[in-house]
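This report describes the fold, the pockets and the buried interior of one protein chain. The sequence and the structure are shown first.

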Amino acid sequence: MSTTEQPAPIQVGASQGLERHILRYGLLALFAGVTLYFALSEPSFRSFNNIVSILQSVSTVGIIGLGVTVSMVVGGFDLSIGANAGFTVMLCAICLVMFAWPTVAVVPVALLGGLLIGALNGALIVRLKVPDLLATLGMLFVLQGVQLLPSQGQSISSGLVLDGKEYDGIFTEAFLYIGRGRLFGEIPFPIIIFAACAIALWVVLEKTRWGRQLYAVGGNLEAARLAGIRVDRVRMIAYIVSGVLASLGGIILAARIGEGDVGAGSPFLLDAVAAALVGYAVLAVNRPNILGTTIGAVFLGIMLNGLTIKNFPYYTQDFVKGVVLMVALLLTFGVRRLR
């Protein structure tokens, strides 16, 4: 009988299996742990009203984030979404206050504005071959500038005075209901809109042929073209969807704040992009996806709400969001390495 000591076998499969589980469920475990910590340490955090408040606050970011996700699915990126939302806020205020239009006219006009912005982005990128970041960055500046022209840089509310003329139009009750109304007196209307958009887009992207075409275009443009997919049309539609969702977010935002705030849309770009990028790492999907973006938006809302309840200084919030995003990116690239 040989007494030579044999080296212990290396458990490669087991190690990789454990690592895969960490990468697949690590982010969800982090989300659950942080949520549980806030819930146990702060009784007010787990109250029904606070949970509803969190979901209401993330609705706008979530809707805009869904638009970012759709543009990412086709391999693009829409930097103009925050400016688009801000432009829509001002457009709604102009129509309501300066023109005294009814809600039934304002909402379609605002959505049409988002559609045209998305179509223009798509035309610049698809037809004129302008790189997506440059095209949408240019659109960002255009929208930030043009929204200030009608009011000469002022925020718009009832009683606005321009060139000696006073505008007495108001934000109508019907319009304000979009951002402040509650279904059955309990569930804020923006949550319903967010959920409806997320479910509809999830079904389209994950369960339909058109969704598979979108992912095929984003995965390999030339292969998709050779497979017979009309890639230019698909990419154009993706940017239009992104523009419409950004304008929908702007409508909800305008209805919540009840005035045309010139700086309303600016913060939404980074938050929406962060939600979409966090979504890459949810369940190790490693691609833009609607479920991940929805979870990312909700978790960012939970983080900010929990930090606020625990009286963390406001300037720590961006730091915490950055840490969450970095963890998500590390997990995402870990998945790529394993594959």
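## Pockets and their linings

By class, the lining of the second largest pocket comprises 5 nonpolar, 1 polar and 3 charged residues. The model is a predicted one, and the pocket holds about 150 Å³ of space. Its lining consists of Pro-267, Leu-270, Asp-271, Val-273, Ala-274, Asp-318, Lys-321, Gly-322 and Leu-325. Helices α11 and α13 (316-338) each supply at least two residues of that lining.

The largest pocket has a volume of about 410 Å³. It is lined by 17 residues, and Ser-57, Val-61, Phe-268, Asp-271 and Leu-304 lie nearest its centre. Two or more lining residues come from each of α2 (48-73), α10 (231-257), α11 (268-281) and α12 (290-309). Of the contributing elements, α2 gives the most, with 6 residues. The lining divides by class into 9 nonpolar, 5 polar and 3 charged residues. Asp-271 appears in the linings of both pockets.

## The chain as a whole

The chain contains 13 helices and 4 strands. Its C-alpha trace spans about 105 × 55 × 35 Å along the principal axes. Of the 339 residues in the chain, 48% are buried. Among contacts with a separation of 6 or more, 75% are accounted for by residues 24 or more positions apart.

The mean pLDDT of the chain is 88, and 93% of its residues reach 70 or more. Over residues 1-12, however, the pLDDT is below 50, and this stretch has 0 contacts in the model beyond near neighbours in sequence. Where pLDDT is low, the predicted coordinates should not be read in detail.

## The nonpolar interior

Which residues have the most contacts inside the largest nonpolar core? They are Leu-66, Ile-156, Phe-171 and Phe-175, in a core of 70 residues. Helix α3 (residues 81-98) gives the most to this core, with 14 residues. Apart from this core lies another, of 24 residues, among them Phe-31, Phe-45, Ala-275 and Val-278. In soluble globular proteins, nonpolar side chains tend to be buried together.

Leaving aside residues up to four places away in sequence, Ile-156 touches Met-90, Ala-93, Ile-94, Val-97, Met-98, Ser-151, Phe-171, Glu-259 and Gly-260. One of these partners, Phe-171, is itself listed with Ile-156 among the residues with the most contacts inside the core.

Helix α8 (residues 209-219) has Gly-211, Gln-213, Leu-214, Tyr-215 and Val-217 as its buried residues. What covers them includes α2, α7 (189-207), α9 (221-226) and α10.

## Individual residues

The table sets out four residues by relative accessible area.

| Residue | Relative accessible area | Class |
|---|---|---|
| Thr-60 | 2% | buried |
| Gln-147 | 7% | buried |
| Ala-105 | 25% | partly exposed |
| Leu-183 | 29% | partly exposed |

Thr-60 is placed in helix α2. With a relative accessible area of 2%, Thr-60 falls under the 20% limit and therefore counts as buried. Its contacts, not counting residues up to four places away in sequence, are with Gly-249, Ile-252, Leu-253 and Phe-268. Phe-268 is also one of the residues that lie nearest the centre of the largest pocket.

Gln-147 is found in the loop between α5 (132-146) and β1 (160-162). Is this loop residue buried or exposed? Gln-147 counts as buried because its relative accessibility is 7%, and the limit for that class is under 20%. Apart from residues up to four places away in sequence, Gln-147 touches Gly-86, Phe-87, Met-90 and Val-262. Met-90 is also touched by Ile-156.

Ala-105 lies in helix α4 (residues 103-127). At 25% relative accessibility, Ala-105 counts as partly exposed. The C-alpha atoms of Ala-105 and Cys-95 are separated by 8.7 Å, and these residues are 10 residues apart along the chain.

Leu-183 belongs to strand β3 (residues 182-183). Leu-183 is partly exposed because its relative accessible area of 29% lies between the limits of 20% and 50%. Not counting residues up to four places away in sequence, Leu-183 touches Tyr-177 and Ile-192.

Methods: Residues numbered from 1 in each chain as written. Predicted model: local features only at pLDDT ≥ 70, side-chain atom pairs only at ≥ 80, totals over all residues. Heavy atoms only, no water. 1 Å grid on protein atoms, 1.4 Å probe; cavity = no way out; pocket = protein on both sides within 12 Å on 5 of 7 lines; lining within 4 Å. Points joined across faces, edges and corners; volume = space filled by probe spheres on them. Nonpolar A, V, L, I, M, F, W, Y, C, P; charged D, E, K, R; others polar. Core = buried A, V, L, I, M, F, W, Y, C linked by side-chain atoms within 4.5 Å. Buried < 20%, exposed > 50% of the residue type's maximum accessible area, 1.4 Å probe, protein only. Contact = heavy atoms within 4.5 Å. pLDDT = per-residue confidence, 0-100.
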